[in-house]
Amino acid sequence: MTFVRTIILSFILSICFIADATHPVLSKPTLKVLDIGNSYTTDATDLLPLITEASGADISNICIYKAVRSSASFKSWYDVYYDKDTARKYTIKKVLGGLAANVSTGTGAKGDGSLFRKLLTDEKWDIIIIHQFSTYAPYYEQWNGTGKGGYLNELLSIIKKHQPDAVIGFYLIHSLWDHNKRNKEGSSYERWKLICSSVKKLQRDYGIDFIIPYGTAVENLRSSSLNNEYDLTRDGSHLAYGLGRYVAACCYYESLIAPYSGISVLNNTARYTADQNEKSKYPSINVTDENALMAQKAAVLATEQMFECVNPEN
């Protein structure tokens, strides 16, 4: 009976989500998506192709590209655009999809924003997703102005200048491990609540209504018995190889691919074993038949209640 109830619940959850939470942009016959962020973008999308392939969703009319600059904030991308970022390189890659966008992939040199500018000028994007650097993510009052955590207005102005018809999306990112030195709150949960508060204010002030709440999916899973002493991270900040990245990608899938395709992530058959190259400070957590469904439920619950932490075991 438990198995039967699980299947019925999974079906009901998937139908309710797809029926109620589809953003209008996801009804377009073709969809071109651009992620502009940092290593957390990679955390959220690394296992997305694996999950999407296992779902059987038709992605022939979709493409997702990402622009990643390590530790990037809003200001970082503003500086990249104006050739002022001399600290780090950035990369542009395709994540998945059957469509080929008019994009030059590769690595942009320090102090050279030409590749990033072409990304905004040479293709028409349907969705452009941004997010804030983890240090500043809980502190909305820093997101504007000329401080290191600022330049949100300026970055949005650049995007809208070149992509006036694009829907602007946003990541609700995961919070740092309890004992990370940058976690001023000393609690991943309390810090996540502040990140949620910042996203609420972003919605209020900018009308941004396409949110990928993968940080809530992570926090949901942290509230379950699957959490570990490192809060599902591999170094106190980035998500653990395997289950940490898996739950984030499940939420990305459920936010974008599921409503487009009509196929929920629930009962997805994708599994993942961390390989020898994925060495990290803290242990990897393989995705198995025993824990995959719990992560999928955590992701679906996040898309339904992005500002609530819900234990998927309950």
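Biologist: Which residue of β2 stands opposite L34?
Modeller: Heads-up: this is a predicted model, where local features need pLDDT of at least 70, side-chain atom pairs count only at pLDDT 80 or more, and totals for chains, interfaces and linings use all residues. Residues are numbered from 1 along each chain as its sequence is written, and side-chain values use heavy atoms, without hydrogens and water. β1 and β2 pair in the parallel sense over seven bridges (pairing needs at least two DSSP bridges between two strands). Opposite L34 you'll find Y65.

Biologist: And D35, which residue of β5 does that one stand opposite?
Modeller: Strands here are DSSP runs (E, at least two residues) and helices likewise (H or I, at least four), numbered from the N terminus. β1 and β5 pair in the parallel sense, over four bridges. In β5, the residue opposite D35 is I129.

Biologist: Let's keep going sideways: what is the bridge partner of I129 in β6?
Modeller: I129 belongs to β5, which covers residues 127-130, and β6 covers residues 167-171. These two strands run parallel, joined by four bridges. The partner of I129 in β6 is G169.

Biologist: Zooming out, which strands are the edges of this sheet?
Modeller: The sheet is open, has seven strands and mixed pairing, and its order reads β4-β3-β2-β1-β5-β6-β7. An edge strand pairs on one side only, and that picks out the strands at 106-108 and 210-212. Their names are β4 and β7.

Biologist: Back to β1: how many of its residues are buried?
Modeller: Buried means under 20% relative accessible area, exposed over 50%, partly exposed in between (1.4 Å probe, protein chains only). On one side of β1, L31, V33, D35 and G37 are buried, and on the other so are K32, L34 and I36. Both faces of β1 are covered. The count of buried residues, out of seven, is seven.

Biologist: Now for rings: why is the pair of F74 and F170 called tilted?
Modeller: Rings of Phe, Tyr and Trp (its six-membered ring) pair if their centres lie within 6.5 Å; planes under 30 degrees apart are stacked, over 60 edge-to-face, the rest tilted. The structure holds 17 aromatic pairs. For F74 and F170, the centres are 6.4 Å apart and the planes make 50°, so the pair is tilted.

Biologist: How many residues lie between those two along the chain, counted as their separation?
Modeller: F74 sits in helix α4 (residues 74-81) and F170 in strand β6, so this pair links distant parts of the chain. Both are buried, F74 at a relative accessible area of 1% and F170 at 2%. Their separation in residues is 96.

Biologist: Which residues join F74 and F170 in one aromatic cluster?
Modeller: The cluster has a Tyr and a Trp besides our two Phe rings. Those two other members are Y140 and W143.

Biologist: Does α4 hold another ring partner, and which helix has the ring that pairs with W77?
Modeller: W77 lies in α4 too, and its pair with F116 is tilted, with 4.7 Å centre to centre and 40° between the planes. W77 counts as buried at 2% relative accessibility, and F116 does at 0%. The pair ties together parts that are 39 residues apart in sequence, because F116 lies in helix α5.
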